[in-house]
Amino acid sequence: MSEVVQAALWGLLAGSALLIGAALGYGLRVPQKVIATVMAFGAGVLLSAVSYELLGEAYDQAGLGPAAVGTLGGALAYTVGNMWLARRGARHRKRSGHHRERAQPSEGEQSGSGTALALGALLDGVPESAVIGVSLLDGGTVSLVTVAAVFISNVPEGLSSSAGMKKAHRGAAYVFGVWGAIAAASTVSAVLGYTVVGAFSPAVIAGVTAVAAGAILAMIADTMIPEAFEDTHLAMGLITVSGFLVSFALSHS
């Protein structure tokens, strides 16, 4: 099996978790504390993967300067994009609608918010998927830790967001259309991460990895942690550390 096909399949696998979460969030009444707990755990998993799989790799390949610059650049790019989308109704795209003042707006409440929500989901998902393809450049073997981290974090993202979309009176066709499109985009992003980034020098690859790491870190801090903390409160730290340790153990096994 070619490595391009492998990148596509791994990207699709990670992206399919969004659809699994969306089906659970749209079809079932999942307790809010369960959603928040899984979100906190997923944040911990991603934090560990970013630290040891992405930033660690970027540092080994290019040193502290490029890794730091790339990370800050990724965080800045994500923040600017997120601010633009927030003004158009996507600020609470990962919220399930449990707290009305922080719920997703319906299209009637804010015109264009549906498109903004879809673009926000794309903004969150592309960096995660791209690094899956990039990880194949290191010896032709995908980083299973990165795939597992993205998959685990995608389930609560799809679950919480789709529950919020349903409460904002968006139909099943819209909800599953959005997450199906993001799953497809995850596949394409993983392929591009392998084919496009792989054509550059190791220093550039390290920079791209760091940019993705910065974007993911900003996403965790801005969207996942606030959603999780609302209902886990003082247990947030313990749950997040548990996820971090699971990912840490996988990366060192």
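This is a short walk through the structure shown above, from the whole chain down to single residues.

The model is predicted. Start with the whole protein chain. Its secondary structure comes to 8 helices and 0 strands. Read along the sequence, the pattern is α-α-α-α-α-α-α-α. The chain has 253 residues, and 49% of them count as buried. Its accessible surface comes to about 10800 Å². Carbon and sulfur atoms hold 71% of that surface. Now look at how the chain meets itself. Take the contacts with a separation of 6 or more. Of these, 84% join residues that are 24 or more positions apart.

Begin with helix α1, which runs over residues 3-27. How well does its span agree with expectation? Its 25 residues should span 36 Å at 1.5 Å a residue, and its end C-alpha atoms are 36 Å apart, so the two values agree. Several residues of α1 are buried, including A7, A8, G11, A14, G15, A17 and L18. Further along α1, G21, A22, G25 and Y26 are buried too.

Helix α5 comes next, because N154 in α5 touches A14, G15, A17 and L18, residues that are buried in α1, and N154 counts as buried at 3% relative accessibility. The cut-off for buried is under 20% relative accessible area. N154 is also in contact with E128. These contacts leave aside neighbours within four places in sequence.

Helix α5 itself covers residues 144-167. Its 24 residues reach 35 Å from first C-alpha to last, close to the 34 Å expected at 1.5 Å a residue. The helix is mostly covered, with 18 of its 24 residues buried. Just after α5 sits H169, which takes a positive phi of about 70°. Most residues other than glycine have a negative phi.

A second positive phi appears at H233, near 50°. Where does H233 lie? It is in the loop between α7 and α8. H233 has 43% relative accessibility, so it counts as partly exposed.

Now turn to the nonpolar interior. The largest nonpolar core has 22 residues. Those with the most contacts inside it are L46, L54, I216, I220 and M224. Helices α2, α7 and α8 each supply at least two residues of this core. Which helix gives the largest share? That is α7, with 9 residues. I220 shows how such a residue is placed. Leaving out residues up to four places away in sequence, I220 touches A43, L46, L47, I225 and P226. There is also a second, separate core of 9 residues. Among its members are A22, A121, V175 and I182. Of these, A22 belongs to the buried set of α1.

Helix α8 covers residues 236-251, and S247 is found there. Is S247 buried or exposed? Its relative accessible area is 1%, so S247 is buried. Beyond residues up to four places away in sequence, S247 touches V45, S48, A49 and V145.

Helix α2 spans residues 32-62 and holds Y59. With a relative accessible area of 47%, Y59 is partly exposed. Y59 touches L64 and A67, not counting residues up to four places away in sequence. The C-alpha atoms of Y59 and A203 are separated by 9.8 Å. Along the chain, these two residues are 144 places apart.

Finish on the outside. A nonpolar surface patch of about 480 Å² is made by V188, L192, V196, F200, V204 and V208. Two elements give two or more residues to the patch: α6 (172-195) and α7 (202-232). V208 is one of its members, and V208 lies in helix α7. Its relative accessible area is 33%, so V208 is partly exposed. Helix α7 therefore has two roles in this picture: it gives 9 residues to the largest core and at least two to the surface patch, where V208 is partly exposed at 33%.

Key:
Residues numbered from 1 in each chain as written. Predicted model: local features only at pLDDT ≥ 70, side-chain atom pairs only at ≥ 80, totals over all residues. Heavy atoms only, no water. Helix = DSSP H or I, 4+ residues; strand = E, 2+ residues; numbered from the N terminus. Buried < 20%, exposed > 50% of the residue type's maximum accessible area, 1.4 Å probe, protein only. Contact = heavy atoms within 4.5 Å. Patch = residues over 30% accessible without salt bridge, like charges linked within 9 Å, V, L, I, M, F, W, Y side chains within 5 Å. Areas by Shrake-Rupley, 256 points an atom, 1.4 Å probe, with all protein chains shown as cover. Salt bridge = Lys/Arg side-chain N within 4 Å of Asp/Glu carboxyl O. Expected span 1.5 Å × (residues − 1). Core = buried A, V, L, I, M, F, W, Y, C linked by side-chain atoms within 4.5 Å.
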